[in-house]
Structures are given as C-alpha cells and as structure tokens.
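Got the structure open in your viewer? Let's take a short walk through it, one selection at a time.

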Amino acid sequence: MFFQQVKKLGDNFSYVVADEESGEAMVVDPSFNNEEIARVLESRGLQLKFIVNTHSHRDHTAGNRELKERCGGKIVAYHSSPSQKDLGVHDGDTLPLGRTVVKVMHTPGHTPDSICLIVDHKVLTGDTLFVGECGRTDLGGGDSIQMYHSLFDKLLRLEDDTEVYPGHDYGPTPKSTIGKERKTNYTLEKRTVEEFLEFMRTP
Ligand SMILES: [Fe+2]
C-alpha cells in the first residue's frame, strides 16, 4: 500500500492512500494541498477514486472540487454531512481500493459528521484525535458526550500498534500510535463521562 502524509504551510494534514497493485487511490481531506497531492497522484500514475472528508469543516473540504476537476474521483463524506458530496457513508461502511479495504468509523463529537478511516493498521483521525490532544467540542455541532464515546468506546478499542494519523500537526510528532496516545495523551486519561465533561469545560 502507498501511504503519504501531505502538509502545507499551516498545520492541516492531507493523506494520499493507494493500492499499488490496482493503482486506485483515495485522498483524505484535500485541504489546501491540491498542487502537491495532484503531483503525487500524477507522478505515480494513480487513479483517484475517492476524495474523503473526515468532517465538513472548510479547512478540510477546501480543494474538494478543484481536485475532482483535475484528477476525478467521488467526493465522500458522512451521510449527514452538510458538505457537497457524491457518496454518503455510514458507520462500518467500506471503501474499496483494489484489494485494499478502507473502513469508515463514525466518531461524532468534534462535529456530528466526523469520521475516522481505518486502513492497514492505520487510523486517520481527522479532528477527533490529535497527537497529544483531542478535537475541540465547542464549535457548532460539537458534543463532549459524543466525543467521550468516540474516543473511549471506539478509537481506544483499536489495537495499540495501530498508527494514528491526525488532521492537524498539533503534537510533538506528526503521527503516533493508539498505544502511545493511550499512555501519554492527557485527554485520554481514565475518566467517567461526568469527569470528561468537566475536563472539556475547563479551558
Ligand atoms: Fe475541524
């Protein structure tokens, strides 16, 4: 599998994921990185099949249409997402890239339409989980109770060696693992829902 994290000036991360055998590719959160993404796709002769947004915030969806016009592909987002899409997905859905399968996990909390993508022992966490942080829940549609369940009942159920690839470069390293975050991320310390709500309320 081909996997590349792409960062532009600023802190948004985009991702190019491809099944090398078939050449089918997915771009996650084009953001403001279209030029470099298109170069990666074109230089490797990859065929863009899906442009997937981890959620509907503009800094992640920017570039959707321009990338589609240049490289093709279907714009994919959670079915309830307000952003323009060709395909709406649900929790547990899969997106095939040749023989590589990308699994969709609905992880609301930062926004109602937040999803994480799991592929080949990697999880792309959007703005749900960062290295050393979790996403904020004080923007429109944010919900700390949902964030609690997304973090503790979904993401932390993944195996410790699952690599974590966030939507922003907010941590000391650009990537991590579930095991490392479980041990070192202060937002993932053991808390009850009530304690987590209090924690998220405290600046
Ligand atoms: Fe966001």
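Start by selecting Phe 13, Tyr 15, Val 28, Asp 29, Thr 54, Leu 124, Thr 125, Gly 126, Tyr 165, Pro 166 and Gly 167: together they line the largest cavity. Keep in mind as you go that this is a predicted model.

Now colour by element. Strand 2 (13–19), strand 10 (122–126) and strand 13 (163–166) each give two or more residues to that lining. Which strand gives the largest share? That's strand 10, with 3 residues.

Next, switch to colouring by residue class. You should count 6 nonpolar, 4 polar and 1 charged residues around the largest cavity. How much space do they enclose? The largest cavity holds about 30 Å³. If you go hunting for others, note that the structure has 1 cavity of 30 Å³ or more.

Time to move on to a pair of helices. Select residues 144–154 for helix 4 and 193–201 for helix 6. Their axes come within 9 Å and cross at roughly 115°. Turn the view until one helix lies over the other, and you'll be looking at a right-handed crossing.

To see what touches what, show side chains. On the helix 4 side, pick Ser 144, Ile 145, Met 147, Tyr 148, His 149, Leu 151 and Phe 152. Facing them from helix 6 are Val 193, Phe 196, Leu 197 and Met 200. Colour this set by class too: the contact of helix 4 with helix 6 has 9 nonpolar residues, 2 polar and no charged ones.

Key:
Residues numbered from 1 in each chain as written. Predicted model: local features only at pLDDT ≥ 70, side-chain atom pairs only at ≥ 80, totals over all residues. Heavy atoms only, no water. 1 Å grid on protein atoms, 1.4 Å probe; cavity = no way out; pocket = protein on both sides within 12 Å on 5 of 7 lines; lining within 4 Å. Points joined across faces, edges and corners; volume = space filled by probe spheres on them. Helix = DSSP H or I, 4+ residues; strand = E, 2+ residues; numbered from the N terminus. Nonpolar A, V, L, I, M, F, W, Y, C, P; charged D, E, K, R; others polar. Axes fitted to C-alpha atoms, helices over the stretch in contact; angles between N-to-C directions. Left-handed = near helix turned anticlockwise from the far one by under 90°. Contact = heavy atoms within 4.5 Å.
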